[in-house]
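Please work through the exercises below with the sequence and the coordinates open beside you. Each task is followed by a solution that goes step by step.

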Amino acid sequence: MASVQDLEEWMQDASSALSISLVSPTASGVKPIATFHPKFTYPIFGDDEKVFGYKDLKISLRFRANDMRPHLHTAYGKKLKPSPGVEEPTDVVGVLDEGHHLPKIAFAKGSDFENGSKQLGDNYTPPGKLHATIDGADGQYEVWRGNLDDAAVRQLNTRVQIFVPLFIEGGSYIGQDTESDAPDINISDADRWTLFFLYKTQPSDIQPEKKSYTFVGYSTVYRFFYFQPPTPPQSPKADWELPEGHIDLAELPCRTRLSQFIILPPFQGQGNGHLLYKTIFDYYHKHPQTHEFTVENPSEVFDDLRDICDLTFLKAMPEFRALRLDSSVTIPKSGPLPALILGADITEDVRKKAKIAPRQFARVLEMHLMSQLPLSVRPSLDLDAIVPEPTKADKHEERLWQLIVKQRLYKHNRELLAQIDQSERIEKLRETLTGVELEYARVLAAHERAMSHTKTSPRGGSNGKRKLDEAEPAEPSKKARVEDE
């Protein structure tokens with residue numbers, strides 16, 4: 001029997017072995033655009049992210065850049081012929097096929113992929129409706145919007161969904177039951193899913209009168225029913241009956257949640273994430289049925305993107321900009337705190353108008369208020385900055401701001417904090433406050449850079465969770481996390 005050491009020689013790193021390519025269709029076949037590797041492979045090949053039984057394994061996954069038709073090809077230098085008692089080499093094609101990671105067309109012959117690319121050329125229009133056209137510094141971009149119950153949208157989602165587990169930690173497919181090992185997909189709620197596809201366009205090399213589309217990234221959005229209690233509460237009349245006829249669910253009030261968000265690696269760091277997020281947020285802010293826009297399980301990098309975009313949006317609202325610390329407040333030694341913000345009575349109205357979830361709105365408001373603190377007490381990442389000596393008034397404003405943040409942290413973590421001693425509770429809040437200060441200082445600096453960049457360029461970019469503080473309000477999970485850029 002082979003030794004463990006001998007068998008380790010047949011273990012290949014899945015992330016290195018799997019290369020993903022975008023290729024452009026041409027009259028003679030396909031032309032490479034970019035090649036990159038996945039960030040994660042454990043959802044497909046197991047926690048150790050290894051493929052067993054090969055040496056010099058190469059898993060090539062090509063995507064036609066316009067319609068994203070995939071093609072899988074595997075090659076290797078040597079394949080293990082196992083002796084009795086040794087497991088068989090990993091069936092790479094079987095794993096990708098049986099796990100529903102790729103559509104059946106991905107396993108067709110390479111010649112079919114090449115010939116189909118010659119025939120398709122630039123005769124392609126994305127599914128759904130053209131939602132927005134944006135002129136960028138490096139070309140023109142288009143955002144296309146469609147519903148998952150549209151067969152063409154569903155086909156494109158099936159082709160690109162493998163990017164979710166490959167680039168979103170813990171990401172899973174729409175309709176996949178994460179509590180089950182079965183790979184079955186259930187999209188009976190397809191009408192609740194809206195997809196936004198981002199493409200870069202340019203005149204076709206083959207037919208100049210046509211456009212050449214290059215897939216840049218996409219996002220999926222799910223619609224939950226938003227319950228609004230009657231005001232004032234009323235009991236139904238004795239003769240009340242359910243309304244007759246068909247009820248259009250699309251007309252019901254909803255909470256809209258961004259579920260998956262991916263910008264492919266070749267297009268990261270170029271402002272494409274900001275472009276796509278802003279396009280989606282603006283659409284749902286104007287959408288009359290949407291009462292609140294949320295994000296599912298955002299990564300730290302996506303949090304930055306979202307914070308910058310939300311801060312930019314809110315700062316454009318005069319009523320938000322008017323919110324500031326009330327420096328005339330006297331902080332009592334005991335008892336409840338008075339309102340610490342000038343205009344505190346309208347903050348909830350501003351939040352509802354912005355349609356931003358309560359926790360996110362509170363965080364962005366705290367960033368806004370922190371940006372107004374005197375330089376002498378404003379948290380900063382610049383350790384070499386020369387700042388003036390804080391006055392008594394400066395320290396008072398600093399304490400007001402810190403109390404606002406501590407109030408939110410305490411409310412959000414009340415159950416956890418109730419389980420520890422008061423002295424430890426105070427220390428835990430202090431530690432978390434320090435972390436929040438540094439996080440906000442970093443985001444505000446990034447926001448300042450983004451605003452500076454926006455003034456000189458038509459476009460601006462970004463892409464991994466928070467601590468004692470942060471989690472979205474619980475809702476039924478729709479099986480996805482968020483990644484960007």
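The exercises that follow concern a predicted model, and they treat a sheet, a residue in one of its strands, an annotated site and a helix.

**Exercise 1.** Determine in what order the strands of the open sheet that contains strand 6 are arranged, and which strands stand at its edges.

*Solution.* Begin with the pairing: four strands form this open sheet in the order 3-2-6-7, and the pairing is mixed. Strand 3 (29–36) and strand 7 (70–75) each have a single partner strand, so they stand at the edges and one side of each is left without a neighbour in the sheet. On average, and with direction ignored, neighbouring strands of this sheet are turned by 30° against each other. Next, look at one pair in detail: strand 2 (residues 18–26) runs in the parallel sense to strand 6, with which it pairs over six bridges, and Ser 19 stands opposite Ser 60 in strand 6. Finally, add the helix that packs on the sheet, namely helix 5 (residues 110–120), which touches strand 2, strand 3, strand 6 and strand 7 and whose direction makes about 20° with that of strand 6.

**Exercise 2.** Decide whether Arg 62 is buried or exposed, and find the side chain with which its own side chain makes a polar contact.

*Solution.* First locate the residue, which is found in strand 6 (residues 58–64). The relative accessibility of Arg 62 is 16%, and because buried means under 20%, Arg 62 counts as buried. Its side chain is joined to that of Glu 114 by a polar contact of 3.0 Å. If neighbours within four places in sequence are left aside, the residues in contact with Arg 62 include Ser 21, Val 23, Val 30, Arg 69, Gly 110 and Phe 113, as well as Glu 114.

**Exercise 3.** Establish which residues the UniProt annotation "binding site" covers, and where Ile 262 lies.

*Solution.* According to the unreviewed UniProt entry, the annotation covers Phe 261, Ile 262 and Ile 263. Ile 262 lies in strand 13 (residues 254–263), and Ile 263 has its place in strand 13 as well. With a relative accessible area of 1%, Ile 262 is buried, and Ile 263, at 2%, is buried too.

**Exercise 4.** Compare the reach of helix 13 with the expected value, and name some of its buried residues.

*Solution.* Helix 13 (residues 392–412) has 21 residues and reaches 30 Å from its first C-alpha to its last, which is close to the 30 Å expected at 1.5 Å a residue. Among the buried residues of helix 13 are Leu 400, Trp 401, Ile 404, Val 405 and Arg 408. For reading such a list, recall that an α-helix has 3.6 residues a turn, so residues three or four places apart point the same way.

Notes. Residues numbered from 1 in each chain as written. Predicted model: local features only at pLDDT ≥ 70, side-chain atom pairs only at ≥ 80, totals over all residues. Heavy atoms only, no water. Helix = DSSP H or I, 4+ residues; strand = E, 2+ residues; numbered from the N terminus. Buried < 20%, exposed > 50% of the residue type's maximum accessible area, 1.4 Å probe, protein only. Polar contact = N/O pair within 3.5 Å; in protein donor to acceptor, adjacent residues only side chain to side chain. Contact = heavy atoms within 4.5 Å. UniProt positions renumbered as here; feature names shortened; annotations may be inferred. Expected span 1.5 Å × (residues − 1). Pairing = 2+ DSSP bridges. Axes fitted to C-alpha atoms, helices over the stretch in contact; angles between N-to-C directions.
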